[in-house]
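The following numbered points are offered as a colleague's note on the structure shown below. They deal with strand pairing, the relation of the chains and selected charged side chains.

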Number of protein chains: 2
Amino acid sequence: MSITLKVEGMTCQHCVKAVTSAIQARDPKARVNVDLTGHSVTAETSLDRPALAAAVEEEGYKVVG
Amino acid sequence: MSITLKVEGMTCQHCVKAVTSAIQARDPKARVNVDLTGHSVTAETSLDRPALAAAVEEEGYKVVG
């Protein structure tokens, strides 16, 4: 399943790594794309949307949509 | 010795950590302050200015002054 979240606060390559790692800690097979300029995270994952959002928020980012 | 560098590209708390760790890897006793909005790094350190700048640049940031 592919899910896209709108996320605030991701600014740099460290953020990309942090978000990607957090998602892959919950779903090692997840394919994650972080779009810094588009302020979004798209993941091909077996996680559902709340679990995906929780992983992102745990890293300190705000999921806004 | 206190040295202040103007640095481009530092955007978030991950950047603060990366820069601080890079400097403290070379001088464990260094006291480092990263000002994200002021785009500067100030360090109380035994490193000289070129060594401090090298530590910051190694993390992928541009020292501009």
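1. In this predicted model, Val7(B) lies opposite Val63(B), a residue of β4(B). The two strands concerned, β1 (residues 2–8) of chain B and β4(B), are antiparallel and share two bridges. They belong to an open sheet of four strands in chain B, ordered β2-β3-β1-β4 with antiparallel pairing. Its edges are formed by β2 (31–35) and β4 (62–63) of chain B, each of which pairs on one side only.

2. The sheet of chain A may be described in similar detail. It is an open sheet of four strands in the order β2-β3-β1-β4, and its pairing is antiparallel. Here β2 and β4 of chain A are the edge strands, each with pairing on one side only. Strands of a sheet pair through backbone hydrogen bonds, in either a parallel or an antiparallel sense.

3. Two pairings of β1(A) deserve a closer look. With strand β3 (residues 40–44) of chain A, β1(A) pairs in the antiparallel sense over five bridges, and Leu5(A) stands opposite Val41(A) of β3(A). With strand β4 (residues 62–63) of chain A, β1(A) is joined by two bridges, again antiparallel. Within β4(A), Lys62(A) is the bridge partner of Glu8(A).

4. Which side chains of strand β1 (residues 2–8) of chain A are buried? Ile3(A), Leu5(A) and Val7(A) are buried and point to one face, whereas Ser2(A), Thr4(A), Lys6(A) and Glu8(A) point to the other face and are not buried. In a regular strand, side chains alternate between the two faces of the sheet.

5. On the relation of the chains, a turn of 180 degrees with a shift of 0.0 Å along the axis lays chain B on chain A with an RMSD of 0.0 Å. This is therefore the relation of a two-fold axis. The same surface serves both copies, since 100% of the contact residues of chain B recur in chain A.

6. Asp27(A) merits separate comment. This residue sits in the loop between α1 (13–26) and β2 (31–35) of chain A. Asp27(A) is buried but has no salt bridge, and the nearest side chain of opposite charge, that of Lys29(A), is 7.4 Å away. A salt bridge requires a side-chain nitrogen of Lys or Arg within 4 Å of a carboxyl oxygen of Asp or Glu, so the distance of 7.4 Å to Lys29(A) does not qualify. The side chain of Asp27(A) does reach the backbone nitrogen of Ser46(A), at 3.0 Å. Leaving aside residues up to four places away in sequence, Asp27(A) touches Thr45(A), Ser46(A) and Leu47(A).

7. How many salt bridges does a search of the whole structure find? Over all chains there are two. One of them joins Glu58(A) to Arg26(A), with the closest N and O atoms 3.1 Å apart. This pair links distant parts of the chain, as Glu58(A) is in helix α2 (residues 49–58) of chain A and Arg26(A) is in helix α1 of chain A, 32 residues apart. Glu58(A) is exposed, with a relative accessible area of 58%, while Arg26(A) is partly exposed at 35%.

8. In chain B, the side chains of Arg26(B) and Glu58(B) meet in a salt bridge of 3.0 Å, N to O. Again the pair links distant parts of the chain: Arg26(B) lies in helix α1 (residues 13–26) and Glu58(B) in helix α2 (residues 49–58) of chain B, 32 residues apart. Arg26(B) is partly exposed, with a relative accessible area of 36%, and Glu58(B) is exposed at 58%.

Note on methods
Residues numbered from 1 in each chain as written. Chains lettered and ligands numbered in written order. Predicted model: local features only at pLDDT ≥ 70, side-chain atom pairs only at ≥ 80, totals over all residues. Heavy atoms only, no water. Buried < 20%, exposed > 50% of the residue type's maximum accessible area, 1.4 Å probe, protein only. Lys, Arg positive; Asp, Glu negative; His and termini not counted. Polar contact = N/O pair within 3.5 Å; in protein donor to acceptor, adjacent residues only side chain to side chain. Contact = heavy atoms within 4.5 Å. Least-squares fit on C-alpha atoms with pLDDT ≥ 70 in both. Pairing = 2+ DSSP bridges.
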